[in-house]
Structure formats: C-alpha cells, structure tokens
Amino acid sequence: MPTRPIRLMIVAAHPADSFDQAGGTLAHHAARGDSVTAVVTTTGVRSHHWELAEKKREMGAEFDVEASVQKAVNEKLEEVRAACRIMGFEDVRDLGFEDDDILVTQDKIEAIADVIREVKPDVLIGHHPYESGGFKMHGTVGQCTIYAWQLAQGTGRGTQERHPVPVLYFMNPTAYVGNNSLEYAGTSRTDLYVDITDVIERKVKALDMITSQFYGGPYSRKRSETSDGAYGQAASVAYAEPFQRFQPQVLYYLPITEHELEARDEGPGFGMARRGEVVGGLMPLPPGMEYTSASRVAKEKYTT
Ligand SMILES: [Zn+2]
C-alpha cells in the first residue's frame, strides 16, 4: 500500500475506452481515495457513432454529417461522463481529436503531454502502441501516450513544467491479438490481472450508458462474460482486467499475495466455482430491452 493517495491518468483513444478497458481497476482506486483522470483523446464520432453511420448508409451523400457532428460529440461525451460517474470518477478531459485522423503527430503528443504536466499522475495507463483496435487509433494514441510520457519527463520548452510519471501500464494489451492477420502479439502480453469481480455490476451499468454504440442492454451483459469473464477465466477469478507494464517493477522481495499463499491449500473445486460465478451476464436488462435472436445469421448465408 502506498503511503499517500495516488493519481492515476488513463489516456483513451475513444470515449468508451476511458472506462471499458480498465474501468473496474479505476473504480477500485477511486474507492480507495486515489484520484482518477480520464483523458478522452478523440470524439469517436467518425468511427463509431453508429446512428450517424447508419444515416450515412441510408442517405448517402445527401446526409450532411458535419451538421450533426457537434451534437454527436456532445452526446458521446455525456454518455462517457455518466459511465465514469458510475465507476466512481468525474474528471473526464476531452482533447477533441478527430478519430479518423490516425497519424501519430506532434500536436497530439503535445496535447497529451500538457495534461500529464497538469494532472501530474503517479500512474499512467494507455493503449499498447501496436494495438490495432478502433481503426488502429488505439495504437496511434498508445504511441502518442508513450512519446508524451517521455516529453513530460524532459525539460519542456519555455515555462512548461516537468513531470516524470513513475509507472506506465498498457491496458488490455492483447485485446485484438488473433482478430486480424496483422496482430501477432510480438510485444503484447499480459503480466498483471486486476480482479474486478466486486465491481462488474457497475461496469455493466456503465456500458449501458453507451447507447450511441448500442453497447447497452444485451451486449454489455454478454461483454462482461466474453471479455472481462474470459480474462477472469485466465486469472482464475470471475472477472478481470489485464495489464502490461512498460517497464519492470523494482522491489526488494519477490511479490506474493495472501491469495496466492492460500491457493496452495485450495481444492480445485473452489477455484472453478470462483471462475464460474456469473454476475454481469445475469443482470436484468434496462427497461424496454430484450434478448433477441432476430440478428442471427441464417446458415444459408454461409454458403460459399
Ligand atoms: Zn476504442
């Protein structure tokens, strides 16, 4: 346990990434009295405001996207603020980058470095720099975050403050490994799981807020089992969030928890029962929503 409350700052490519990749972990820290700042770098509107995408599909060039962008940006930010509030933190910063502007650029790096200098986090959480999620924006923002972390360590220019962040983690580092033929996990690995079983209900409710992406309802419950539940399966708990440290931790003793000590004497049935706990998937749906098989693919559609 640290001797003072710590400051955590998460840098997310898209609005929902600010809590759906590491939100359970951040909820633990917020509840302990640590401060949490979520930096939402892009609006997420061009790549996954599905309502706008659907209108564009239906109306083609006739649909004036630009006329709807600001409203959509505000909607997404409101959704994410509501979601973060459920996870126990309020400080959500919006950098307003376009999410179809995918290059690693100096202005993106500087903007993230400026927030680091202002917030002065002890722990920085970003995307893995080679991760391809969200039109590759996760990797772009992950790279920008590492460069910003390096920039903030330096002297800066003019009156810029200096803030070296001691610890940098990548969230959900293997999220897209196996999803496409470019992700091969060369440098992506999980070296730390956080057991989020006690806050999984809050995470499902937070996901319910993201209606512009149709995350709410059946999907958020399914996601709790297939993503957080799958990581839990690997960690031998019900639900977990995975992380990768950028640099190895330096300690005096080899770390071992009380839970690890007890595991030696724990029967195999106990561990499987712990893994088998279902909470998120059994939560009641929001009013007016239902599970449906209407979107299933008919087997004939798989004829090649
Ligand atoms: Zn994303």
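Student: Which strands and which helix make the right-handed β-α-β unit?
Tutor: This is a predicted model, in which local features need pLDDT of at least 70 and side-chain atom pairs count only at pLDDT 80 or more, while totals for chains, interfaces and linings use all residues. Residues are numbered from 1 along each chain as its sequence is written. Helices (H or I, at least four residues) and strands (E, at least two) are DSSP runs numbered from the N terminus, and a crossover is right-handed if, with the strands pointing away from the viewer, the path from the first strand over the helix to the second runs clockwise. On that basis, the unit is made by β4, helix α7 (residues 137-153) and β5.

Student: Over how many bridges do β4 and β5 pair?
Tutor: Two strands pair if DSSP finds at least two bridges between them. Within this pair, Gly-126 stands opposite Phe-170 in β5. Strand β4 (residues 123-127) and strand β5 (residues 167-171) pair in the parallel sense, and the number of bridges is five.

Student: How many bridges join β5 to β7?
Tutor: Phe-170 also has a partner in β7, where it stands opposite Gln-244, and Met-171 stands opposite Phe-243 in that strand. β5 and β7 (residues 240-245) run antiparallel, and the number of bridges joining them is three.

Student: How many bridges join β6 to β7?
Tutor: On this side of β7, Val-194 stands opposite Glu-241, and Asp-195 stands opposite Ala-240. β6 and β7 run antiparallel, with a number of bridges equal to four.

Student: What does the twist average from one strand to the next?
Tutor: Seven strands form an open sheet with mixed pairing, in the order β3-β2-β1-β4-β5-β7-β6. Its edge strands, each pairing on one side only, are β3 (91-97) and β6 (192-195). From one strand to the next, the twist averages 25°.

Student: What angle does the direction of α5 make with that of β3?
Tutor: α5 packs on the sheet, where it touches β2 (35-42) and β3. Axes are lines fitted to C-alpha atoms, for helices over the stretch in contact, and angles run from 0 to 180 degrees between N-to-C directions. The direction of α5 makes with that of β3 an angle of about 155°.

Student: Are α5 and α8 roughly parallel or roughly antiparallel to each other?
Tutor: Angles under 35 degrees count as roughly parallel, over 145 as roughly antiparallel, 65 to 115 as roughly perpendicular and the rest as oblique. The axes of α5 (residues 65-87) and α8 (residues 200-208) come within 8 Å and cross at roughly 170°. The two helices are therefore roughly antiparallel.

Student: How many charged residues does the contact of α5 with α8 have?
Tutor: Ala-83, Ile-86 and Met-87 of α5 make this contact with Arg-202, Lys-205 and Ala-206 of α8, two residues being in contact if their C-beta atoms, placed from the backbone, lie within 7 Å. Ala, Val, Leu, Ile, Met, Phe, Trp, Tyr, Cys and Pro count as nonpolar, Asp, Glu, Lys and Arg as charged, and the others, Gly among them, as polar. The contact has four nonpolar residues and no polar ones, and its charged residues number two.

Student: At roughly what angle do the axes of α8 and α9 cross?
Tutor: The crossing of α8 and α9 is right-handed, a crossing being left-handed if the near helix is turned anticlockwise from the far one by less than a right angle, and right-handed if clockwise. The axes of α8 and α9 (residues 218-235) come within 9 Å and cross at roughly 130°. That makes α8 oblique to α9, the crossing angle being roughly 130°.

Student: Which residues in α2 meet α8?
Tutor: α2 (residues 23-32) and α8 pack at an angle of about 120°, with their axes 9 Å apart. That makes α2 oblique to α8. Ile-200, Arg-202, Lys-203 and Ala-206 in α8 are met by Gly-23, Gly-24 and Ala-27.
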